[in-house]
Amino acid sequence: MARLLMLGTVNHPHVEHLALAMAQRGFDVQVGGDVSPQLPGSALPAAGIELHLAPQRERSSALGAATHVWWLRGLLHRLRPDLVHGHWLPGFAFFAAVAGAKPLVAMAWGSDVFRARGAQTVANRVALRRASLAMADSEALLEALVALGADPDDCTLVNWGVDLTAFRPASPSEKRALRADLGLGDGPVLLSPRSLTPIYNPGTILDAWARLAGQRDDVQLMVKHMSTARDALGAIPYADRVHVVGHVDYERMPDYYRVADACVSIASSDSAPRSVFEAMACGAPCVISDLPWVHEQIGDEREALIVPIEAEAVAAALGRLLADSELSTGVATRAREFVEREHDREVHMDRLADTYRSLL
């Protein structure tokens with residue numbers, strides 16, 4: 001059995017889900033990395049996957065980076081993995097590259113490349129130069145890796161994929177029952193499912209909400225983020241119609257998408273986010289920001305409404321989806337068909353496992 005060492009934030013859903021999928025496909029998976037204090041504990045030990053925790057030192061400092069590399073060298077010597085997969089290019093992918101991990105899969109997530117500056121860019125170049133394979137989830141991100149020096153022949157696209165059985169549209173009766181269970185009223189529900197960090201522009205979304213809520217007294221907003229911390233949104237307009245929900249078990253996430261009449265994702269930097277495809281799979285028509293990855297796969301008014309990062313444009317698009325049932329239904333139907341065709345999780349996880357085996 002091939003031993004895979006996966007490096008990243010051990011309690012992040014992306015790392016957890018890839019590790020679990022590879023264990024199901026016959027790999028001896030070991031996971032090493034840091035712990036996010038804003039997320040619940042990792043689900044991996046309960047699934048029989050051993051964790052190896054990184055030093056509790058800030059990774060971005062020179063001393064912190066050196067400490068992580070030293071720790072990782074010891075981990076490689078002890079575990080003798082057949083393959084190493086490093087998440088977040090200037091972080092664990094870079095540490096693995098400097099520690100001499102081979103063969104190494106260096107995986108970019110998006111903002112680790114698109115928003116990299118100075119030392120992060122240098123770290124990205126080192127990781128790519130020493131990796132056996134560079135991986136990303138959009139062509140735009142792969143092009144950025146090549147621009148940093150990655151060999152195009154050693155780059156591959158792998159998406160996170162969506163569980164199409166769990167993430168599916170709700171019937172009208174299911175939707176009513178779910179709304180009651182989540183404490184929602186009868187009016188239309190807008191869902192914002194991204195983090196509250198500035199890169200996802202929660203302020204712009206609240207400004208758009210204020211415009212729309214001022215025009216309609218029946219609409220509700222659900223701000224669903226994944227942190228366990230009490231993130232401050234500041235003053236919330238029409239707060240009596242706003243529901244702020246923090247972390248819930250991932251198995252509950254389909255319920256939040258399935259009650260939504262529209263979903264909004266207004267990131268400043270992104271690369272094929274799984275949350276958008278999950279919303280589409282659940283039949284929630286999406287309003288998304290105009291970024292390079294979008295145009296690789298999504299057509300405006302075909303699978304989503306594409307807007308600039310401006311409150312007025314976001315409000316107008318959400319208002320159109322609520323007012324025009326033909327537009328909303330058409331977008332939702334085409335988006336579900338698109339996700340079924342292009343983002344089946346089982347297909348993408350099988351591809352990832354085959355990619356690993358090709359490096360062995």
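1. Asp34 and Arg59 form a salt bridge, their closest N and O atoms being 2.5 Å apart; the term denotes a side-chain nitrogen of Lys or Arg within 4 Å of a carboxyl oxygen of Asp or Glu. The two residues are 25 residues apart: Asp34 is in the loop between strand 2 (28-33) and strand 3 (50-53), and Arg59 is in the loop between strand 3 and helix 2 (62-79). Helices (H or I, at least four residues) and strands (E, at least two) are DSSP runs, numbered from the N terminus. Arg59 counts as partly exposed because its relative accessibility is 23%; buried means under 20% relative accessible area, exposed over 50%, and partly exposed in between (1.4 Å probe, protein chains only).

2. The model is predicted, so local features need pLDDT of at least 70 and side-chain atom pairs count only at pLDDT 80 or more, whereas totals for chains, interfaces and linings use all residues. Residues are numbered from 1 along each chain as its sequence is written, and side-chain values use heavy atoms, with hydrogens and water left out.

3. The whole structure holds 18 salt bridges. One of them joins Arg258 and Glu174 (3.2 Å, N to O), linking helix 9 with helix 7 (residues 172-181) across 84 residues. Arg258 counts as buried at 9% relative accessibility, whereas Glu174, at 27%, is partly exposed.

4. Helix 7 also takes part in the salt bridge between Lys175 and Asp261, because Lys175 lies in that helix and Asp261 in the loop between helix 9 and strand 11 (262-265), 86 residues apart in sequence. The closest N and O atoms of this pair are 3.4 Å apart. Asp261 is partly exposed, with a relative accessible area of 22%. In addition, Arg25, Glu346 and Asp350 are linked in a network of salt bridges.

5. Arg241 deserves separate comment. This residue is buried yet has no salt bridge, and the nearest side chain of opposite charge, Asp240, is 4.7 Å away; Lys and Arg count as positive and Asp and Glu as negative, while His and the chain ends are not counted. The side chain of Arg241 has a polar atom 2.8 Å from the backbone oxygen of Arg216, and it reaches the backbone oxygen of Val219 at 3.2 Å. Arg241 itself is in the loop between strand 9 (220-224) and strand 10 (242-245).

6. Ser328 lies in helix 13 and is buried, with a relative accessible area of 12%. Leaving aside neighbours within four places in sequence, Ser328 is in contact (heavy atoms within 4.5 Å) with Asp261, Pro285 and Leu321. Other buried residues of helix 13 include Leu327, Gly330 and Val331. The buried residues of this helix pack against helix 10, helix 11 (294-297), strand 13 (305-307) and helix 12 (311-323).

7. The largest nonpolar core has 39 residues, of which Phe277, Met280, Cys286, Ile288, Trp293, Ile298 and Val339 touch the most other members. Helix 10 gives the most to this core, with five residues. A nonpolar core is a set of buried Ala, Val, Leu, Ile, Met, Phe, Trp, Tyr and Cys residues joined through side-chain atoms within 4.5 Å.

8. In helix 5, Ala123, Asn124, Val126, Ala127 and Leu128 are buried. Their cover includes helix 3 (88-99), strand 5 (104-107), helix 4 (111-114), strand 6 (133-136) and helix 6 (139-147). Gly91 lies in helix 3 and counts as buried at 2% relative accessibility. The C-alpha atoms of Gly91 and Asn124 are separated by 8.6 Å, although the residues are 33 apart along the chain.

Notes: Polar contact = N/O pair within 3.5 Å; in protein donor to acceptor, adjacent residues only side chain to side chain.
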